[in-house]
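Okay, thanks for coming, everyone. I'd like to walk you through a structure that may be new to you, so grab a seat and have a look at the screen.

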Amino acid sequence: MLAEPSAIDARHVPEPLFPAVNAICRISAGLSAKIAQGPLGQSLGDHVGGTGHGDDQKALDVIADEAFAAALPGTGVRYYASEERETAIDIDPEGRLALAMDPLDGSSNIDVNVSIGTIFSIFEARETAEASFLRPGSEQIAAGYVIYGPHTALMLTFGKGTLHFVLDRQTRRFELVEQAVSLPARTREFAINTSNYSRWVKPVRAYVDDCLAGENGPRQGTFNMRWIASLVAETHRILTRGGIFLYPGDERPAYRQGRLRMVYECAPIAFIIEQAGGRATDGSTPILSKSASALHARTPLVFGSSNEVTRVATYHDEPEDEVSALFGSRGLFRA
Ligand code: AHG
Ligand code: MN
Ligand code: MN
């Protein structure tokens, strides 16, 4: 029997990671085809339950999670953690890798034909699943995301820059299109869900107010805004043309630490962004220096063009009463 062709060229992937990364690529290529069927295929956006840690589950969330889990035996993965599972599962006691995934990111966009994705993070496995995943993001050995958009793309890092691949739908193989993605340091475009404005922490409100103040404000110019509600799609736009993304903490009880999860959303995105020359923080502290306190723990997330992420941190450095003074006529960046 002929061996199945690989879904990514082995030359682009460190050898110990190849079976796992290849399996992720193979399953992602299959998901891409399924998603492209839209309403002609099976219902993917139907509500099927909840995760038990605060999220709705759609049919495609579960399909994706089960497809990745089923592909992992024999790929060197010891532990698999997923947004869709309460605890990590054991795949193979001999495996050397710990893989965390958001199998389907942006599930509110499944039904509306807007880009969605898959995010993954790989650590070297330790003795327990907890010890493998609850550690600083800087210890990741690989991270990537797949975006299912007008075309399907993969951004991948092993800590030596960020590689950009595009799925060839004919061959079901991800082809390298860019060897060293580079994110512009400056930007005039921000992404945040402004419907939460009244509940954001003060430094973020002050930052956005200053962006909105226009020609006569402290930023002396206008800013554009985007909000897609798929983290992968925002990340892809920012990696392509620059920008800043913020999902801060807010006053809603479950959102004090924002919405996004450290292990399988924020840490891998931060690794990919930093390897492309950008920055990622929780507002002030680098995401990659932080460890999650639990598998599904959330963290505020600010990432993108380095100058802009640095600027957001300066608002967080101000004492609370000074930050509110930024709303007035004088403050950090005002003349
Ligand atoms: P998921 O679909 O994996 O639960 O993730 C959704 C996330 C992320 O993709 C996006 O940035 C954010 O939730 C959207 O949040 P709002 O619904 O608050 O806009
Ligand atoms: Mn997600
Ligand atoms: Mn998800």
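I'll start at the ligand, go on to the metals, and then point out a few other spots along the chain.

One thing up front: this is a predicted model, so please keep that in mind throughout.

Let's begin with ligand 1. How many residues surround ligand 1? There are 15 of them, and the closest are Asp 105, Gly 106, Leu 231, Tyr 247 and Arg 259. If you sort the shell by character, you get six nonpolar residues, four polar ones and five charged ones. Where does the largest share of that shell come from? That would be strand β5, residues 97–105, which supplies three residues. The shell also brings the two domains together on the list: domain 1 (10–178) and domain 2 (189–330) each give at least three residues.

Now zoom in on the oxygen atoms of ligand 1. One oxygen is 2.8 Å from an N or O atom in the side chain of Asp 105. With Gly 106 the partner is a backbone N or O atom, and it lies 2.8 Å from an oxygen of the ligand. Then there's Leu 104, where a polar backbone atom is 3.4 Å from a ligand oxygen. And how much of ligand 1 does the protein bury? Taken alone the ligand exposes 470 Å², and the protein buries 89% of that.

Okay, on to the metals. Take the manganese ion that's listed as ligand 2. Its protein donors are Asp 102, Asp 105 and Glu 265, sitting 1.9 to 2.1 Å from the ion. You've met Asp 105 already, as one of the closest residues to ligand 1. Along the chain, these donors follow the spacing D-x2-D-x159-E. Asp 102 lies in strand β5 and Glu 265 in helix α6 (residues 262–275), so this pair ties together parts that are 163 residues apart in sequence. Are those two buried or exposed? Both Asp 102 and Glu 265 are buried.

Next, the manganese ion that's ligand 3. Here the protein donors are Glu 83, Asp 102 and Leu 104, with the Leu giving its O atom, and they lie 2.0 to 2.2 Å away. The spacing in sequence reads E-x18-D-x1-L. Glu 83 is in the loop between β3 (77–82) and β4 (89–90), while Asp 102 is in strand β5, and the two are 19 residues apart. Glu 83 is buried, just as Asp 102 is.

So which residue coordinates both manganese ions? It's Asp 102, and the two ions are 3.7 Å apart. Leu 104 is another name to remember: its O is a donor to ligand 3, and a polar backbone atom of Leu 104 is 3.4 Å from an oxygen of ligand 1.

Let's move along to helix α5, residues 231–241. This helix is mostly covered, with nine of its 11 residues buried. Among the buried ones is Leu 231, which you'll recall is one of the closest residues to ligand 1. Others on the buried list include Glu 234, His 236 and Arg 237. After α5 comes Gly 242, with a positive phi near 85°.

On the other side, Ala 229 sits in the loop between β12 (224–226) and α5. Phi of Ala 229 is positive too, near 70°, in a residue other than glycine. Ala 229 is partly exposed, with a relative accessible area of 35%.

Asn 113 is a similar story for the backbone: its phi is near 60°, again positive in a non-glycine residue. You'll find Asn 113 in the loop between β5 and β6 (116–124). Asn 113 is exposed, at 75% relative accessible area.

Two more stops. Asp 210 is in helix α4, residues 202–212. At 1% relative accessibility, Asp 210 counts as buried. What does its side chain contact? The side chain of Asp 210 makes a polar contact with that of Tyr 315, at 2.6 Å.

And finally Gly 38, in the loop between α1 (18–36) and β1 (47–50). Gly 38 is partly exposed, with a relative accessible area of 26%. The C-alpha atoms of Gly 38 and Ile 110 are separated by 8.7 Å, with the two positions 72 residues apart along the chain.

That's the tour, thanks for listening.

Definitions and conventions:
Residues numbered from 1 in each chain as written. Chains lettered and ligands numbered in written order. Predicted model: local features only at pLDDT ≥ 70, side-chain atom pairs only at ≥ 80, totals over all residues. Heavy atoms only, no water. Near = heavy atom within 4 Å. Polar contact = N/O pair within 3.5 Å; in protein donor to acceptor, adjacent residues only side chain to side chain. Areas by Shrake-Rupley, 256 points an atom, 1.4 Å probe, with all protein chains shown as cover. Helix = DSSP H or I, 4+ residues; strand = E, 2+ residues; numbered from the N terminus. Nonpolar A, V, L, I, M, F, W, Y, C, P; charged D, E, K, R; others polar. Domains from an automatic or database assignment. Donors = N, O, S within 2.8 Å, 3.2 Å for Na, K, Ca; no water. Buried < 20%, exposed > 50% of the residue type's maximum accessible area, 1.4 Å probe, protein only.
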